Amino acid sequence: MKRYFKLYRQFLKQYIKSLIEYRADFILGLIGFILIQLTGVIFIKLVFNNIPNLSGWNFYELLFIYGFAQIPRGIDHVFTDNLWLLSGNIIVQGQFDKYLIRPLNPLFQVIAERFQPDGFGEIVIGILLVTISCSQLDINLTFLNVIIMVFTIICASFIYTAIKLAVSSIAFWIKFAQSYLYMTYQLSNFAKYPMAIYPKMISTLLTFVIPFAFTGYFPGAYFLGKTSFFYGVMLTLLVSVISIFVAYFIWIQGIKRYESSGS
Amino acid sequence: MKKKSQFKAYLPFATNVFQRLISYKANVIIFLFGEFMMLATSYYLWRAIYKSTSNTAINGFSLNEMIIYVLMSFLTSLMISVDISYDISKEVKDGSIAINLIKPISYEKRMMFQAFGNVMYNFVVIFILGFTSINIVFYKYIGSLSIANILLYIISTMLGILINFYFSYTFGLLSFKITNMWGLSQIMQSIVQLLSGALIPILFFPRIVQKLITFLPFSSTIYTPTMIYLGKLTGISLIKALSIQIIWIVILAVIAKLMWNTLVKKLTILGG
Amino acid sequence: MIEVSNLKKEFKMNKKYPGFKGAIKSFFSREYITKTAVDNISFSIDKGEVVGYIGSNGAGKSTTIKMMTGILTPTEGSVFVNGIIPYENRQKNAKDIGVVFGQKTQLWWDLPLSETFSLLKDIYEVDDKNFKDRMNFLDEVLSLEDFMLSPVRTLSLGQRMRADLAAAFIHNPKVIYLDEPTIGLDVVVKDNVRKAIKKINKDFGTTIILTTHDLNDIEELCNRIIIIDNGKIIYDGGLKEIKEKYGYMTSIEVQIKTNIKTEDVDSIKEANMKHLELKVIDNKINIRFNKNITSTTEIIGKLMNKFHVIDFSITETTIDDIVKKLYRNGV
């Protein structure tokens with residue numbers, strides 16, 4: 001285990017070195033992501049210019065959920081961006097073998113190979129929105145609350161990773177899975193708004209099948225006092241653990257499939 | 001005679017892209033399904049928004065009109081999406097630009113035909129299906145269908161396509177100077193999304209901002225055609241909007257030509 | 001050190017029907033066709049051997065290598081590499097092997113080459129002294145210093161191949177698998193790569209298994225060759241023997257300044273050249289001969305003495321020819 005941490009640090013060092021070379025790219029990408037987040041916020045503001053609240057949620061409450069949902073999205077984006085390439089190019093171009101001939105867990109290799117700092121744009125905006133709305137909403141930011149917040153955010157990031165992993169692993173069966181990943185990722189957009197606005201079918205899908213609801217809505221709602229500790233924290237933890245297991249299982253099955261049918 | 005043979009020379013570029021896109025149809029369908037989910041989010045969101053207010057109309061839009069707006073602006077954005085800037089920057093990156101400049105074919109014309117190929121695909125497959133369904137929805141919601149508005153919409157969309165082409169082309173020419181365009185194109189994408197009416201009708205912006213946005217080319221690509229379809233642009237404002245579209249086509253075409261001339265001069269001097 | 005016993009690999013593929021109607025039929029059909037890529041092969045390789053594993057495309061070479069490296073699981077049979085079953089203990093086996101995939105690279109694309117080695121050092125847990133010594137050795141034998149600091153994506157094919165070979169060796173594995181390592185390289189680089197492989201084998205006793213289409217690779221490096229065709233091994237033995245037995249026919253095409261007649265060329269035949277097959281078309285002479293009996297230089301010499309030679313080219317027997325011949329004669 002210790003070896004993996006050391007190795008990850010090494011990989012990271014390398015990446016940051018190459019980042020310094022591509023400074024301009026990084027900054028532009030970062031600005032781009034921040035702008036994309038901002039358009040979402042502008043949308044909400046423009047809407048709230050015309051209505052007092054949305055299904056019982058006021059502007060700052062909505063902003064809180066929106067921002068809260070961005071943080072785990074960004075964290076996952078920073079660390080596991082390579083999964084997009086896995087679902088797209090890596091298996092199609094036969095580039096997966098090189099991971100298998102090294103004495104190192106292949107999933108670790110795939111993830112460690114790429115560090116995407118533009119994801120920080122999402123994290124920064126998320127934190128900003130959460131902070132702003134917290135100040136306007138009278139939320140009690142005790143030390144304990146902050147710890148719980150960080151904890152749920154980490155769980156939520158794992159949920160994102162798990163979903164991405166499970167869907168990209170489909171590439172072991174069908175070679176090109178990027179469009180499916182894109183489709184699934186779009187579902188996460190639903191999680192930025194209160195579940196109340198969606199019909200039962202969709203909220204069930206987002207809660208029990210592809211649990212994006214636990215990446216933003218439920219934990220966020222808990223801190224706003226709109227849902228219980230059980231739903232907001234305990235279930236988030238449970239869902240993240242289960243989804244990681246399920247996703248890793250699918251990944252392992254995928255590798256078995258790859259090993260029996262060649263590339 | 002010369003025109004006809006010229007046309008023939010360029011046509012393969014269009015049919016090529018067309019064929020290429022058809023073969024990736026499965027992936028495009030899945031991609032569209034993903035986009036469809038975005039529309040679903042929008043739909044539920046707007047429904048909840050209108051439920052949360054006692055007014056039947058917001059900024060002049062009834063719920064039904066808003067839903068049609070969302071659908072139509074999405075369809076229009078697909079129609080005008082000729083991402084030539086990506087193609088151009090790709091060619092600069094992999095060097096094939098050099099070969100393409102040597103060929104006795106106008107680069108601009110070729111790009112236009114390639115774009116045309118893109119559009120043809122979008123038109124045939126997506127537009128016919130989408131447009132028909134939206135018209136059905138419109139009839140269901142509003143109770144009547146205006147042929148005039150539909151025709152005007154089509155004209156306005158074609159103008160929008162041209163605007164987007166020249167803008168995309170000009171933006172793509174930047175890749176002659178800037179090596180990695182990705183970050184910049186991300187920024188452009190988000191700005192365009194906001195200002196073209198794709199995200200939200202321009203009428204929702206504060207008045208001053210509205211005036212500003214209407215004078216930029218972006219709103220002329222998606223917002224103008226969609227509003228025409230909804231019958232919200234009539235009479236003088238209709239003529240004004242169409243004129244702005246035409247003016248922008250001219251401006252962008254001129255800028256494109258100028259940029260092209262300066263860049264090619266620089267390129268040939270440097271030896272590629 | 002490597003034991004392959006009764007190894008078999010079958011692939012199940014969906015039956016495909018031709019045409020448009022066929023495409024729909026294929027989508028719904030549950031019929032499979034089984035392709036046997038590797039059919040009951042056995043061989044054992046000792047430490048330090050340099051084995052050429054050859055066969056035409058689709059013969060089963062890559063499939064066998066994949067099973068030996070643990071990337072593919074066999075349908076039947078077994079593989080033991082130093083007592084480990086590669087496809088069951090993949091990571092353990094990986095510690096002691098190096099692989100070069102001819103067309104694909106294992107180097108980190110966007111980073112300078114030196115960083116690839118630094119990362120591999122950590123992955124394979126190579127200690128500092130060994131790392132330093134081996135980098136010096138590799139630099140000496142493959143001249144890596146010139147492009148060590150360049151990003152891998154800027155390297156030419158020849159540079160990249162040399163780097164991939166070095167990367168496969170940095171942890172001093174017991175076995176190195178080379179899958180078409182010289183493909184697409186120019187003559188000079190090919191020579192460098194071959195020399196490097198030879199030196200690695202000599203100095204470190206590394207067992208080397210090499211698949212290739214280039215007979216010259218085999219000539220330079222291997223003392224033993226295994227030929228696989230249609231999934232079955234049709235030859236396993238020394239290189240010398242097979243050359244003498246099957247690889248001796250050579251063709252020369254010579255271009256002469258003026259047009260000549262067959263009779264003119266016939267006159268150069270001496271006692272040991274009775275077997276020469278001659279063909280003359282305008283100003284080109286085509287000669288097929290057994291180079292075990294008559295050397296290439298002898299023939300060229302004689303032709304140059306008699307005629308004004310502008311150009312000539314030599315065609316050796318290809319592996320495909322040898323394989324065909326093997327079938328005709330049955331080994």
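The exercises below, each with a worked solution, concern a predicted model.

**Exercise 1. Describe how helices α3(B) and α7(B) pack**.

Solution.
Step 1. Two packed helices are described by the angle between their axes and the distance between the axes.
Step 2. Locate the two elements: α3 covers residues 63–80 of chain B, and α7 covers residues 147–173 of chain B. Their axes are 9 Å apart and make an angle of about 50°.
Step 3. Because of this angle, α3(B) is oblique to α7(B).
Step 4. Add the handedness: the crossing of α3(B) past α7(B) is right-handed.
Step 5. List the residues that meet. From α3(B) come B:T76, B:M79 and B:I80, and from α7(B) come B:T157, B:G160, B:I161 and B:N164.
Step 6. Sort the residues of this contact by class: three are nonpolar, four are polar and none is charged.

**Exercise 2. Which elements of chain B give two or more residues to the side that touches chain A****?**

Solution.
Step 1. Begin with the contact itself, which takes 30 residues from chain B and 29 residues from chain A.
Step 2. The elements of chain B that supply two or more residues are α2 (25–51) and α8 (182–195).
Step 3. Of the side of chain B that touches chain A, α2(B) gives the most, with 12 residues.
Step 4. This side of chain B has 19 nonpolar residues, 11 polar residues and no charged residues.

**Exercise 3. Treat the contact of chain C with chain A in the same way.**

Solution.
Step 1. Here 24 residues of chain C are in contact with 18 residues of chain A.
Step 2. On the side of chain C that touches chain A, at least two residues each come from α2 (61–69), α3 (90–94), β5 (97–101) and α4 (113–123) of chain C.
Step 3. The most comes from α4(C), with four residues.
Step 4. By class, this side of chain C has 12 nonpolar, five polar and seven charged residues.

**Exercise 4. In the open sheet of four strands in chain C, what is the strand order****, and which strands stand at the edges****?**

Solution.
Step 1. Strands of a sheet pair through backbone hydrogen bonds, either parallel or antiparallel.
Step 2. In chain C the order is β11-β12-β10-β13, and the pairing is antiparallel.
Step 3. The edge strands are β11 (277–281) and β13 (309–315) of chain C; each has a single partner strand, so one side of each lacks a neighbour in the sheet.
Step 4. From one strand to the next, the twist averages 15°.
Step 5. Add the helix: α11 (residues 296–306) of chain C lies across β10 (249–256), β12 and β13 of chain C, and runs at about 20° to β10(C).

**Exercise 5. Follow the pairing of β11(C) with β12(C)**.

Solution.
Step 1. The antiparallel strands β11(C) and β12 (residues 284–290) of chain C are joined by five bridges.
Step 2. Take two residue pairs: C:E277 stands opposite C:R288 in β12(C), and C:I281 has C:K284 as its bridge partner.
Step 3. The two strands form a hairpin with two residues between them. In the turn, C:D282 has a positive phi of about 50°.

**Exercise 6. What are the domains of chain C****?**

Solution.
Step 1. The domain assignment gives domain 1 (46–74 + 82–244) and domain 2 (248–315) of chain C.
Step 2. Taken over C-alpha atoms, the centres of domain 1 and domain 2 of chain C are separated by 39 Å.

Notes
Residues numbered from 1 in each chain as written. Chains lettered and ligands numbered in written order. Predicted model: local features only at pLDDT ≥ 70, side-chain atom pairs only at ≥ 80, totals over all residues. Axes fitted to C-alpha atoms, helices over the stretch in contact; angles between N-to-C directions. Parallel < 35°, antiparallel > 145°, perpendicular 65-115°, else oblique. Left-handed = near helix turned anticlockwise from the far one by under 90°. Contact = placed C-beta atoms within 7 Å. Nonpolar A, V, L, I, M, F, W, Y, C, P; charged D, E, K, R; others polar. Pairing = 2+ DSSP bridges. Domains from an automatic or database assignment.
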